[in-house]
Amino acid sequence: MSIEAQYRERAKELLSSGEVKLVVGYGSGTTQDRRRPLFASSPEQADGLVLDTLCIANLTGYLVAEGLLSDEKRVAVFLRPEGIRSINILAAENQLNPDQILIMGFEPQQGEIRPLEGSNVADFSEYIITLSENPSVSESDTVIEKLEKMNAVERFSFWQDEFSKCIKCYACRQACPMCYCRRCIVDCNQPQWINTSPHTLGNFEWNIIRAFHLAGRCVECGNCDRACPVNIPLRLINRRMAVETLESFDHFAGLSITQEPLLASFKKDDTETFIL
């Protein structure tokens, strides 16, 4: 039996037994090369679940939808490693109870899908620690290396060109599991902290502030990058922040449910290069 079939049958068993009230997974998309979220609340609906290398979206954001977990019933969710890290962050920030989440973990490996052992977030602790000790090299690193070789004026010009494309649709915010605020700073108009119209200053304010809000929290799932309708390489700036937090503060986002948020904690031996 294929991994896809095994996970589909497992989902149907969980729903039939009442162990979970909902399975959040993947279904067929509008084209053969796309997958969309699928929410199965019955064994019959679970027949539509698919699992292959095209299942790349981080589905964790749906778990913090208002009211979903308020009845304290369990929900199963298909998650890649970055999604499991997202669960740790959301639990550490008191946004969900990890005991309510049954994880059906998987990862792509050499063009195939490999199942991950475990169902509770604690079951993946050693696996996440291994990831933190052997961080993968991202495709973005090559571009980041080129950016690092530029002087400040050249880098500013690069991001000025990229952010000029922003139309303030906030698709990046909606797609990000870490952007769970019921009211975002850009939605505040008394006072208005960030200009909501798409122009140079407002675009810089929005994208830079969002990058800082994700410092030490971004798991680099790429949801924001894929959601952007004008193809701003958001994963570049988020990847750079992730590298910086790891190198400067030894902070790997999503390590455990007890990990303190980077911007809400400090160590006496933290570097103080930001102090002028």
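**Exercises on a two-domain chain**

In this predicted model, 15 residues of domain 1 are in contact with 10 residues of domain 2. The exercises below examine this interface and the chain around it.

**Exercise 1.** Determine where the two domains lie in the chain and what distance separates their centres.

*Solution.* Begin with the bounds: domain 1 covers residues 3-131, and domain 2 covers residues 139-251. Next, take the centres over C-alpha atoms; domain 1 and domain 2 are then separated by 26 Å.

**Exercise 2.** State what area is buried between domain 1 and domain 2, and which three residues of domain 1 supply more of its share than any other three.

*Solution.* The buried area amounts to about 1100 Å², and carbon and sulfur atoms give 56% of it. Turning to domain 1, one finds that Asn58, Ile89 and Glu93 supply 34% of the area this domain buries against domain 2, more than any other three residues.

**Exercise 3.** Describe the polar contacts across the interface and the character of the residues on the side of domain 1.

*Solution.* Six residue pairs are in polar contact across the interface of domain 1 and domain 2. On the side of domain 1 that touches domain 2, the residues comprise six nonpolar, five polar and four charged.

**Exercise 4.** Identify the salt bridge between the domains and explain why the pair ties together parts that are apart in sequence.

*Solution.* Side chains of opposite charge can pair when their charged atoms come close. The whole structure holds 16 salt bridges, and the count between domain 1 and domain 2 is one. Glutamate 93 and arginine 217 form a salt bridge, with their closest N and O atoms 2.8 Å apart, which is within the 4 Å cut-off. Glutamate 93 belongs to the loop between α3 (81-92) and β4 (101-109), whereas arginine 217 belongs to the loop between α8 (200-213) and α9 (223-227); the pair therefore ties together parts 124 residues apart in sequence.

**Exercise 5.** Compare the radius of gyration of the chain with that of a compact globule.

*Solution.* The chain contains 10 helices and five strands. For 276 residues, a compact globule would have a radius of gyration near 19 Å; the chain has 20 Å, which agrees. Along the principal axes, the C-alpha atoms fill a box of roughly 60 × 40 × 40 Å.

Technical notes
Residues are numbered from 1 along each chain as its sequence is written. This is a predicted model: local features need pLDDT of at least 70, side-chain atom pairs count only at pLDDT 80 or more; totals for chains, interfaces and linings use all residues. Side-chain values use heavy atoms; hydrogens and water are left out. Domain bounds come from an automatic or database domain assignment. Contact means heavy atoms within 4.5 Å. Buried area is the accessible area (1.4 Å probe) that two parts lose on being put together, summed over both. A salt bridge is a side-chain nitrogen of Lys or Arg within 4 Å of a carboxyl oxygen of Asp or Glu. A polar contact is a pair of N or O atoms within 3.5 Å; within protein, one must be able to donate a hydrogen and the other to accept it, and residues adjacent in sequence count only if both atoms are side-chain atoms. Ala, Val, Leu, Ile, Met, Phe, Trp, Tyr, Cys and Pro count as nonpolar, Asp, Glu, Lys and Arg as charged, and the others, Gly among them, as polar. Helices (H or I, at least four residues) and strands (E, at least two) are DSSP runs, numbered from the N terminus. The radius of gyration is taken over C-alpha atoms; the globule rule is 2.2 Å times the number of residues to the power 0.38.
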